[in-house]
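This report introduces a protein structure to a reader who has not met it before. The sequence and the structure are shown first, and the description follows.

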Amino acid sequence: LGEAPPPLPEEELTRVADGGSEGVVVARMAAGSGEDAEGGAFDDEETRAFYEDLPDIRAQLPDVLVASSSQAPAAPAKPGEGGQQQEEEGNLRQDQQLKLEDLLNLLRSCGNKEAADSCSLELCYLGLRSVRKRVTKELFSCPRQRLDLLPHFSRVCANLTRVHLDVGPSLVRQLEEEFAELSANTSLHKDESRVRNARFIGELTKFRVFPFSSTFACVRSLLDDFGQKAIETLCVLLETCGRFLYRTPETAVRMANVLEVLTKKRKTRNLDPRSESVLENAYFATKPPEKSVTVAELPPLHRYCEHLVFARLARGVDREVARQCRKLPLHDPECRDFLLQTLLSVTSVRVACIPLLASVVSQLSRYQDDLAVDYVDAVLEEVHSGLRRDDCTEHQRRVSYAILLGEVLNARLVDAPVVLQTLYIILLQTKAGEQNTQVPAEGGSKGEAKAGKGKARSVRGDRVSALFRARLVLVLLTTCGRTLQRRATAARLDYFLLRFQHFVLQLGGLP
């Protein structure tokens, strides 16, 4: 065409290549080259910084140590050169040995990346080959009960590999040998060692110290075996570095093929439920399902109702919110029902805003009498239906509605006898809905003790329900107790308190 070529975007990705040698190149992938522009191959920026932003230790070392560390590893010594080789390696002085022991103790307790980087820098000052062997042995001997140290040990190894090129390959070689040994040994007492080995391989893979080809070789051997122990080890390895490999451009295709093979093996094998569960968890940890959440679009008027109640409602603004609610077309049944539903959403507002909900309804009742009646009926129905269901997952919801009922009484939207009747219902009604005057207590007679485990479990469940009903009574009395102490209901409240004390004493002791 006779025109200058357009500028093409350059790939900001440093490839990792080992060239068939034992040298390991620690490369850093650009933040925007992964699946997500924010964290690259990682889920967030903090995780990406931990695995990719390594300090430049070579710039902090003297030139003498950098020059000595950049030399290639010495060849094996000949029989006549043993003394010269020992002189090159050198023996640590007593002060150096004490310092090395202190650094190794610090390495065993490092719990953050700052401590790992500081320990790596101090170890680089003791750059003798014997020190590096000792450090590699210490990294490899991470206790199998301290899996939380593996990410920090891997960061120390990645830092040392950037200065001493023989640290990473030596640790990788030991882990590969241990992996082969554990794969052949399927005894039960080696389970923790398998988990530690797989986690260590995964952490070093994310630091790009463990070669990708070796990681996929381990995955392939586990897929070929696909026994019970191999499945558990494979799941640990995928949960550690599977998502990283899936989101890295160099390994995305191979990881997708691994997941495809894994899916086919799951379908062809008759696995037990536990193996199916762990394989499914590992699969979705590597490749999470696509989020296809369909949010129902609300009309503008309904969104404005939610904005008034959930966003604007606060102490001192309830009058303004009530004034705006009065301007809504409450003659429309759809708008009126949605406003009632919004004002009943006690689980969507803070506890401090529950009295304001009753205040808004009280101000609206001056102009909409039927609105207040429907609101009180809905609150009472929620309290009674919660008693009938008696679901332990709804405890917080039931406490919120008990507070709302007390605030409705304080706002004079309901009469005190109705609340007193509700207190008796809470105290005496069981899950089935009938009135029960007997409260399960701890222990029991010898005949009851021989009734069986099922009955004992039922008694414990009834006791938990009775304790929670006592809590509902206390919440309701705390909210509207002063209102119930008026002259008209004071005597009935005193009688109820005696009944409540009898109820609590029958429990046989509070937790």
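The text below treats the chain as a whole, then a pair of helices, a cavity, a buried helix face and some individual residues.

**Overall make-up**

The model is a predicted one. The protein chain contains 23 helices and zero strands. Of its 511 residues, 43% are buried. When contacts between residues at least 6 apart in sequence are considered, 74% join residues at least 24 apart.

**The pair α8 and α9**

Helix α8 spans residues 167–184 and helix α9 spans residues 191–206. The two pack at an angle of about 145°, and their axes are 10 Å apart. Their crossing is left-handed. On the α8 side, the contact is formed by L171, L175, E178, F179 and L182. On the α9 side, S193, R194, R196, N197, F200, I201 and L204 take part. By class, the residues of this contact comprise seven nonpolar, two polar and three charged.

**Cavities**

How many cavities of 30 Å³ or more does the structure hold? There are two cavities of that size. The largest cavity encloses about 60 Å³ of space. Its lining consists of E382, V383, G386, R398, Y401, A402, I426, L472 and L476. The elements that contribute two or more residues to this lining are α18 (369–389), α19 (395–410) and α22 (453–484). In terms of class, six lining residues are nonpolar, one is polar and two are charged.

**Helix α16 and its surroundings**

Helix α16 covers residues 333–343, and its buried residues are C335, R336, F338, L339, L340, T342 and L343. These buried residues pack against α14 (300–312), α15 (318–326), α17 (354–364) and α18. L340, which lies in α16, illustrates the arrangement. With neighbours within four places in sequence left aside, L340 is in contact with L371, D374 and Y375. L340 and L371 are 31 residues apart in sequence, yet their C-alpha atoms are 7.8 Å apart in space.

**Buried residues compared**

N159 belongs to helix α7, which runs over residues 150–161. Apart from neighbours within four places in sequence, N159 is in contact with L54, P55, I57, A116, D117 and S120. The table lists N159 together with two other residues and their relative accessible areas.

| Residue | Location | Relative accessible area |
|---|---|---|
| N159 | helix α7 | 1% |
| L340 | helix α16 | 10% |
| R208 | loop between α9 and α10 | 3% |

Why does R208 count as buried? Buried means a relative accessible area under 20%, and R208 counts as buried because its relative accessibility is 3%. The same reasoning applies to N159, which is buried because its relative accessible area is 1%, and to L340, which is buried because its value is 10%.

**Positive phi angles in loops**

Two residues that are not glycine call for a remark on their backbone. R208 has a positive phi of about 60° although it is not a glycine, and R208 is located in the loop between α9 and α10 (212–225). D390 is likewise not a glycine and has a positive phi of about 55°. The place of D390 is the loop between α18 and α19, two helices that also contribute to the lining of the largest cavity.

Note on methods: Residues are numbered from 1 along each chain as its sequence is written. This is a predicted model: local features need pLDDT of at least 70, side-chain atom pairs count only at pLDDT 80 or more; totals for chains, interfaces and linings use all residues. Side-chain values use heavy atoms; hydrogens and water are left out. Axes are lines fitted to C-alpha atoms, for helices over the stretch in contact, and angles run from 0 to 180 degrees between N-to-C directions. Helices (H or I, at least four residues) and strands (E, at least two) are DSSP runs, numbered from the N terminus. A crossing is left-handed if the near helix is turned anticlockwise from the far one by less than a right angle, and right-handed if clockwise. Contact means heavy atoms within 4.5 Å. Ala, Val, Leu, Ile, Met, Phe, Trp, Tyr, Cys and Pro count as nonpolar, Asp, Glu, Lys and Arg as charged, and the others, Gly among them, as polar. On a 1 Å grid over the protein atoms alone, a cavity is a set of points where a 1.4 Å probe fits but cannot get out, and a pocket is an open set with protein on both sides within 12 Å along at least five of seven lines; lining residues have an atom within 4 Å of a point. Grid points are joined across faces, edges and corners, and a volume is the space filled by probe spheres set on the points. Buried means under 20% relative accessible area, exposed over 50%, partly exposed in between (1.4 Å probe, protein chains only).
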